[in-house]
Amino acid sequence: MDIQVNPADPNSIPKFVDLLKKPRVAKPKQHSKDPKCPYYEFEMKEGKHSFHKYFPETKIWGYNGMVPGPTIEAIKDKTIYVKYTNNLPFKHFLPIDYTLHGCVDSSEVRSVVHLHGANVDWESDGHPEAWYTQKYAFTGPNFRREVHEYTNHQPGTTLWYHDHTMGLTRLNVYAGLAGFYLLRDSLEERLDLPSGNYEMPLMIQDKSFNEDGSLFYPDAPPFPVSVHPSITPGFVGDTIVVNGKVWPFMKVEPRKYRFRILNASNRRGYVLSLSNDEPMFQIGTDGGLLTQTTEIDFVELLPAERTDVIIDFSDYKGETITILNTDTEFPGDHTSVIMQFRVCLPLRGHDCSQIPEDLYPEMDLHECHAHIIRDLTLSATTDAYGRPMLLLDESMYHDPATEKPAFDSIEVWNLINLTFVPHPIHVHLVQFKILERRPFDVDLYQNKGILEFTGPPEEPRDYERGWKDTVKADIGMVTKIIMHWKEHKGNYIWHCHFLEHEDHDMMRPIRIINDAHPVQLPHAGDM
């Protein structure tokens, strides 16, 4: 059958013709300095990738030349070492905006890897200014080590590693530099969760393609600017890619499966549900297992957020089920579907896996124990070229650090969103809990600096009650989160995880310091 497909036109692209693939698991090597600890070497390099069976092969940048990169499987409290070697070309194949911080007088192709959600020393955190070029010929001001040390001292969870280079994160991640990091612990084994062939990580991204099958990324915003190439306010693609395949399908048995779902898109959010209106059983969030399994009809994921769910196909033998996307910010006929499940495989033996009611002991942080309460704004302005620019706490990245948590202190952050869009706010090093969201009078705050609430506090949504490292700061709301700064000191960051916002200065430094007597700040609304 002769099928005419134009990769640039989603109307012409057949859906559900490519089989979903499970990302390959990386194999460790032996390290001469510490043979007891697993050691990995990943090569960041250019490669060719097949996104769709009817597309030409596409140029990508990937870890070991793969999209997604190899999955690292680690064990709680067992240290591993990873060396990410930059063997990328000297010239980028996507449009660089040289006016952005870090791009003006730096090498064109730089890289550094951040293990997102990890409890890790800052020198291995993947600081955006710890970048390096081929053979470390040039390095950023915060570059400290060639080999990253991950101690894995945190509960089992779904992490991911991705490029975090100053001014280039949006381009490098979009080019393919992202992969899963699955941290396991003994509790998972005792719970008898679906595992092995019945556990599948799902990396969801949106892409657009040119007619020749190459990746499309805009070189200018949809309004006139004096800079070319120029960053855009946010990129959304017109096709959906899961584990490197455009609108794939997965064959499943009539039994329970575990899905670790990650939104790895630049800007697009997703509201995921099943086409047969059946619930999903959520067992985890960004930071690990929930206290109890939660039955949910849908889950919203902004970029970098993860969810861990079990789907039970036991009663759907012979049926086809689609993951739907009902997000209304960027609606579209094609992006409203993600992938397809076909319950067409025979059941291989008895399904012994469980959907436990109780998962993890409750270990909440309490606001009454907070040492510091910070009021932090998310605001909009324009840059020197007249382009919209989003800021955290009215400051640009290079301004002096104002968030300086004391080591072993508990802090509450009130994220005050004064902008016209929600923002996924990511805080490095820590996992936090969402305490509440509360609407406020935005105009009054902007004009007079008075924070006046206009409604009662709203509890976290059903699907975000666990530990988080990325939170949706809603429009016109104060989003309150609580966190414990422990185990590490040094230089970290917090930022919006819309990658175009992050690259355009919606990112701020954090400096964790020794300070036995942190100063209590006023609570939001008390000033």
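**Close-up 1. Strand E26 and its partner E24.** From strand E26 (residues 470-473), Thr470 and Lys472 point one way while Val471 and Ala473 point the other way, and all are buried, where buried means under 20% relative accessible area, exposed over 50% and partly exposed in between, with a 1.4 Å probe and protein chains only. In a regular strand the side chains alternate between the two faces of the sheet. Strand E24 (residues 423-427) pairs with E26 in the antiparallel sense over four bridges, and His426 stands opposite Thr470 in E26. Strands (E, at least two residues) are DSSP runs numbered from the N terminus, and two of them pair if DSSP finds at least two bridges between them. The model shown here and in the other views is predicted, with local features needing pLDDT of at least 70 and side-chain atom pairs counting only at pLDDT 80 or more, whereas totals for chains, interfaces and linings use all residues. Residues are numbered from 1 along each chain as its sequence is written, and side-chain values use heavy atoms, with hydrogens and water left out.

**Close-up 2. Glu436 in strand E25.** Glu436 is found in strand E25 and counts as buried because its relative accessibility is 19%. Leaving aside neighbours within four places in sequence, Glu436 is in contact with Pro457, Glu458, Val478, Thr479 and Lys480, contact being heavy atoms within 4.5 Å. Between Glu436 and Ile481, which are 45 residues apart in sequence, the C-alpha to C-alpha distance is 7.4 Å.

**Close-up 3. Asp105 in a loop.** Asp105 lies in the loop between strand E4 (80-86) and strand E5 (113-116). Asp105 counts as exposed because its relative accessibility is 71%. The C-alpha atoms of Asp105 and His366 are separated by 46 Å, and the two residues are 261 residues apart along the chain.

**Close-up 4. The largest nonpolar core, and another one.** The largest nonpolar core has 80 residues, of which Tyr84, Phe259 and Phe341 touch the most other members; such a core is a set of buried Ala, Val, Leu, Ile, Met, Phe, Trp, Tyr and Cys residues joined through side-chain atoms within 4.5 Å. Strand E20 (residues 337-342) gives the most to this core, with four residues. Not counting residues up to four places away in sequence, Phe341 touches Met250, Val252, Phe259, Ile311, Phe313, Glu319, Thr320, Ile321 and Ile323. Apart from the largest core lies another, of 25 residues, among them Trp413, Val430, Cys496 and Met506. In soluble globular proteins, nonpolar side chains tend to be buried together.

**Close-up 5. An open sheet of seven strands.** The strands of this open sheet follow the order E11-E10-E9-E13-E18-E15-E16, and their pairing is mixed. At the edges are strand E11 (245-246) and strand E16 (288-296), each of which pairs on one side only. Strand E15 (residues 280-285) runs antiparallel to E16 and is joined to E16 by five bridges, with Gln282 standing opposite Thr294 in E16.

**Close-up 6. The hairpin of E21 and E22.** These two strands form a hairpin with five residues between them, and Gly386 in the turn has a positive phi of about 80°. Strand E21 (residues 372-382) is joined to E22 by five bridges and the two run antiparallel, Leu392 in E22 being the bridge partner of Leu378. Strand E22 (residues 388-392) is mostly covered, as four of its five residues are buried.

**Close-up 7. The two largest pockets.** The largest pocket holds about 550 Å³ of space, and of the 17 residues that line this pocket, Gln154, Pro155, Gln431, Trp467 and Lys486 lie nearest its centre. The second largest pocket has a volume of about 430 Å³ and a lining of 22 residues, of which Thr291, Asp364, Lys433, Arg465 and Gly466 lie nearest its centre. The largest share of this second lining, six residues, comes from E16. On a 1 Å grid over the protein atoms alone, a pocket is an open set of points with protein on both sides within 12 Å along at least five of seven lines, and lining residues have an atom within 4 Å of a point; grid points are joined across faces, edges and corners, and a volume is the space filled by probe spheres set on the points.

Terms used. On a 1 Å grid over the protein atoms alone, a cavity is a set of points where a 1.4 Å probe fits but cannot get out, and a pocket is an open set with protein on both sides within 12 Å along at least five of seven lines; lining residues have an atom within 4 Å of a point.
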